[in-house]
Amino acid sequence: MGTGLIEISAQLAIPETEIVERFVRASGAGGQNVNKVSTAVELRFDVAGSPSLPEPLRQRLLARRDRRMTGEGVLVIDAQRFRTQDRNRQDARERLVAFIQTSLSVRKARVATKPTYGSKLRRLDQKKERAQVKRGRSTRNWE
């Protein structure tokens, strides 16, 4: 909790006050450490209600079909890969940054194009040539 900001890009940072971290016991193998210590992190970030996100970015994030996003627009990230609480916390924050960074750039809209007259003719010529080759392989007229 050094600066109080989570750096997304040079122009965008999220205050740590906007994320909620909850520490729970990790699932899976690990012996007594798993049963006694709450090392797993559940990070929640309210994308829909965040004042620090620009509106176009918020819309792109909410439009993404991701199982980690709830119906109310809250992103939930579970991190339990590591044995320590601190490392899992860092991992969850890194995954939050990566999630937001993927929506920073706007995808270029695809422009529908039509084949040119010449390309249509070339395609038909190739089809005719191929048909001629196959016709030449037939077994008729072998006497």
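Glu21, Arg89 and Arg93 are linked in a network of salt bridges, a salt bridge being a side-chain nitrogen of Lys or Arg within 4 Å of a carboxyl oxygen of Asp or Glu. The model is predicted, with local features needing pLDDT of at least 70 and side-chain atom pairs counting only at pLDDT 80 or more, while totals for chains, interfaces and linings use all residues. Residues are numbered from 1 along each chain as its sequence is written, and side-chain values use heavy atoms, with hydrogens and water left out.

Within this network, Arg89 has its place in helix 3 (residues 85-101), where helices (H or I, at least four residues) and strands (E, at least two) are DSSP runs numbered from the N terminus. Arg89 counts as buried because its relative accessibility is 17%; buried means under 20% relative accessible area, exposed over 50%, and partly exposed in between, with a 1.4 Å probe and protein chains only. The C-alpha atoms of Arg89 and Ala79 are separated by 7.1 Å, although the two residues are ten apart along the chain.

By the salt-bridge rule, the count comes to six, and the table gives three of the pairs.

| Pair | Closest N to O |
|---|---|
| Glu42 and Arg44 | 3.3 Å |
| Arg58 and Glu55 | 3.1 Å |
| Asp91 and Arg81 | 2.5 Å |

Asp91 lies in helix 3 and Arg81 in the loop between strand 5 (74-79) and helix 3, so this pair ties together parts that are ten residues apart in sequence. Asp91 is buried, with a relative accessible area of 2%, whereas Arg81, at 60%, counts as exposed. Arg58 and Glu55 are three residues apart in helix 2 (residues 55-63) and are therefore separated by about one helical turn; Arg58 is buried at 10% relative accessibility, while Glu55 is partly exposed at 42%. In the remaining pair of the table, Glu42 is buried at 14% and Arg44 is partly exposed at 34%.

Ser103, in the loop between helix 3 and helix 4, is buried with a relative accessible area of 5%. Leaving aside neighbours within four places in sequence, Ser103 is in contact (heavy atoms within 4.5 Å) with Leu57, Arg60, Leu61 and Arg64.

For the chain as a whole, there are four helices and five strands, which follow the pattern β-β-β-α-β-α-β-α-α along the sequence. Buried residues make up 28% of the 143 residues.
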